[in-house]
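Please look over the sequence and the model below before reading on. The paragraphs that follow lead from charged pairs to a polar contact and then to the surface.

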Amino acid sequence: MCAGKRILHNLAKGGNLAPMERCVRGEGGGRVSGTDTIQASGLVCFSSCSPPGDRLKAIQLALIGGLETFTAWCNSHLRKAGTAIENIDEDFRNGLKLMLLLEVISGETLPKPDRGKMRFHKIANVNKALDFIERKGVKLVSIGAEEIVDGNLKMTLGMIWTIILRFAIQDISVEEMTAKEGLLLWCQRKTAPYKNVNVQNFHLSFKDGLAFCALIHRHRPDLIDYHKLSKDNPLENLNTAFDVAEKYLDIPRMLDPDDLINTPKPDERAIMTYVSCYYHAFQGAQQVTCAGRLTHVVMSYPSLILNLYNLTNTAMPDERAVMTYVSSYYHCFSGAQKVRVTTAMVANLYLNMSLAETAANRICKVLKVNQENERLMEEYERLASDLLEWIRRTMPWLNSRQTDNSLAGVQKKLEEYRTYRRKHKPPRVEQKAKLETNFNTLQTKLRLSNRPAYMPTEGKMVSDIANAWKGLEGSEKSFEEWLLSEMMRLERLEHLAQKFKHKADIHEDWTRGKEEMLQSQDFRQCKLNELKALKKKHEAFESDLAAHQDRVEQIAAIAQELNTLEYHDSVSVNARCQRICDQWDRLGGLTQRRRAALDEAERILEKIDILHLEFAKRAAPFNNWLDGTREDLVDMFIVHTMEEIQGLIDAHNQFKATLGEADKEYNSIVSLVREVESTVQKYQVPGGLENPYTTLTANDLTKKWTDVRQLVPQRDQTLQNELRKQQNNEMVRRQFAEKANQVGPWIERQMDAVTAIGMGIQGSLEDQLHRLKEYEQAVYAYKPHIEELEKIHQAVQEGMIFENRYTQYTMETLRVGWEQLLTSINRNINEVENQILTRDSKGITQEQLNEFRSSFNHFDKNRTGRLAPDEFKSCLVSLGYSIGKDRQGEIDFQRILAIVDPNSTGYVHFDAFLDFMTRETTDTDTAEQVIDSFRILAADKPYILPDELRRELPPDQAEYCIQRMPPFKGLNAVPGALDYMSFSTALYGESDL
């Protein structure tokens, strides 16, 4: 059945067109074998002939691609089988959905899958899918069933991208371009009339969404109102395009609008996959539309179908029949029904053909066949000659092995070879295939038409062409192998050259400034610590220099290898290597000389440093000794005794005995400074005179030593003056002691006598008073002795005499004793007089008074004339006064204590004690007695009137009471009534009034 019959047959059955043979094309548009690397616009799939770097790059590109895009693409096909996937790395692990995906997109049936759940079942299913992919001409390298079963995302994405390339993108062909270029050209043509759309690539050109909307509007203007779209609203444009494509074109969402907008450069592979769905959707719709129209025409005239089949067997088909048939196309497509053609009219016209015309047609058919055979023979000769001539011209180029020995030259040759394989050879391949096809067609036609077989001219047989082609391919193979080997050799050379350059650059960067550093005299200006740091730095540099020895040797070895391999630029390599070696030798010599100079400078500075350190060690204590000595020699000493001044004189004499040794130490220390000065002057050491260990100088020591020697005689004179002064003080001290030893005991004897009288132990009060007055007269008569002692004390004070070992008395103690004696006499006289007054007014007998004194003295252990509260309490108890030990007793005692010690001094004196005991033992007025007396005057009223007071009391006392009595505030009070109860209580201290 011919091609036309197959098409009509399929259309009549309502089926799809039979799948055409898919052709894998390279960049030049030529056919390549199924085992070659698939290249679609530079997108490299996995192939056994791809370099490892390209395969790794392809895997990385697949991983970077949109995972969501791949998942959506798979689901767009799997949903035709009523299923879908969620995780692309998990749902393909058992191989079932992977096999189902391949069946849907290929239209073929794969082997029956294993339904087990074991790992080997899954591996078997995935292997079946991978075998199917390889049978389609794609060899998967580094992708095994185990990786897919294990859920390796990298391998799974690489496999899906390979499937997309093979079954979705590779079939796209526009004007013999590659798949990527063809798809891009298709987009450019479809979107050319649209404003703000300029498709130049598959990433930035689709970011604003207008390109997607333009593609949809070009084929389905009813779905999108393109003129309402704005370039400034990319998110709305993208969502509009994706929603319409998903709803009306059955193209699922494979891209995320937010990702497209926010990504500086969207993923090219994801956009290509999505755009390819547009291509297949719209191109398939156009083919179905055209096929539908043709089917409508043909099915409208079924009686013409068989006649149309006969058209192919007629040399010159009947013009009228064809015109009649074509008119039906006109009416079908234009919609005009002005001329109605019926099957009967066509059949009638066809049957009225004349027999003459049939005979003529048969002759024309035979001649036409003969003419066609001759045309095929001439075309074969022409094609064979042209092909053989092209092979002859190409062979010398392929057999040439001459290069400029540079990687660029070989790369240029390799690029020329690739251009030859991509542009020049593919047309020749087609030419050879066409030549063979024409030859086979010609031989078949000759055999069917009973003609003799065609015999090409000598050297143009099919076998000759095959041999020449085989030789061409052999030369190509050897040429390619030579190019690759030469490339590898030159790449190694270039790698070595780059390695040489890299190491040389690093070495030169490291050596930059090193010669200037080694020639520098910077250490001449350094101190010892800085020089040691420089020396350490130099030692580190020497270690670094030794470590770089290997690098220099490596550089030399690489240069030697480049010379051995005949590197094209070996002259410059050798020159640079020689410069590096010469510089290395100079660095070694400079390093040794700088090391020697540093050692010499260190030796000199260490000598100076030792002298400075020795000076500092010895100068510091000597300077301290000088400072202490100067302070001692000028110290304003204070002495009070002969022994102290004599001790100072003895110490000073001992000090003068050490001045000889001090002078030797001084000269020794100064000699260190002189040696430093000579060394610094000899070797011109800058800053060598500065001592880092001390701020002292020889001049400082000299000045202080001179001061000490001048202060020694001055100190001698000062000590002698002080000695004479202390001798005079000793005489004054003896005079004071002699007089004080007389006055002090006399005062003590008089004090004891007065105290004995004050105790009231002997005699009556009148006798005690008489004796006290006699002692008072005697004390006043002794006052001239005190005045004489004051004069001597004045001399003591003028002589700054603070201690007197000849007496225990001081003038202060004698003054206090004298004053205490006078005070004691006066106090005792007053106490005796008060006691006499109390005795006479209260009627106390001498025996009672003696008892009170005896009890008081008994508890006054220290003879201080006063009792503490506890002693006072014990004294009351001894006199028969009842004080309870309970809380009430304590309250009573505190009331008594408030009476005898109203000022809360914490002590009870004998006068207060005597007054209290007198009141307790004699009949005295009380507040109750006074209240009773006022009550009598007031006629038993609780208040008293002023007139009653004036009538009963003397005027002055009446006015005294009226002024001090508070107003009465009780019941039945009358105007002017006074409260005599509160007034009486206040008189005895029992009220707050």
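With which residue does D599 form a salt bridge, and how far apart are the closest N and O atoms? In this predicted model, the partner of D599 is R595, and the closest N and O atoms of the salt bridge lie 3.5 Å apart. Both residues belong to helix α22, which spans residues 570-634, and they are four residues apart, about one turn of the helix. D599 is partly exposed, with a relative accessible area of 31%, and R595 is likewise partly exposed, at 24%.

Helix α22 also contributes to a pairing that reaches beyond the helix itself, since R618 forms a salt bridge with E665 in which the closest N and O atoms are 3.2 Å apart. E665 lies in helix α24 (residues 659-683) whereas R618 lies in helix α22, so this pair ties together parts that are 47 residues apart in sequence. Salt bridges that share partners, for their part, join R595 and D599 with K535, E539 and E542 into one network. Returning to the pair between the two helices, E665 counts as partly exposed at 27% relative accessibility, and R618 is partly exposed as well, with a relative accessible area of 22%.

Side chains of opposite charge can pair when their charged atoms come close. A further example is found in helix α17 (residues 407-448), where K432 and E436, being four residues apart, are separated by about one helical turn. Their side chains meet in a salt bridge with an N to O distance of 2.6 Å. The two partners fall into separate classes of accessibility: K432 is buried because its relative accessible area of 15% is under the 20% cut-off, while E436, at 29%, counts as partly exposed. Altogether, the structure holds 47 salt bridges.

A polar contact can be followed in the part of the chain around helix α10, which covers residues 234-248 and includes N239. The side chains of N239 and R253 are joined by a polar contact of 3.3 Å, although the two residues are 14 residues apart in sequence and their C-alpha atoms are 9.5 Å apart in space. Leaving aside residues up to four places away in sequence, N239 touches P257 as well as R253, and N239 is partly exposed, with a relative accessible area of 25%.

The last stop is on the surface, where Y960, L987 and Y988 form a nonpolar patch with about 290 Å² of accessible area together. Of these residues, L987 is found in helix α36 (residues 980-987), and L987 is partly exposed, with a relative accessible area of 45%.

Conventions: Residues numbered from 1 in each chain as written. Predicted model: local features only at pLDDT ≥ 70, side-chain atom pairs only at ≥ 80, totals over all residues. Heavy atoms only, no water. Helix = DSSP H or I, 4+ residues; strand = E, 2+ residues; numbered from the N terminus. Buried < 20%, exposed > 50% of the residue type's maximum accessible area, 1.4 Å probe, protein only. Contact = heavy atoms within 4.5 Å. Polar contact = N/O pair within 3.5 Å; in protein donor to acceptor, adjacent residues only side chain to side chain. Patch = residues over 30% accessible without salt bridge, like charges linked within 9 Å, V, L, I, M, F, W, Y side chains within 5 Å. Areas by Shrake-Rupley, 256 points an atom, 1.4 Å probe, with all protein chains shown as cover. Salt bridge = Lys/Arg side-chain N within 4 Å of Asp/Glu carboxyl O.
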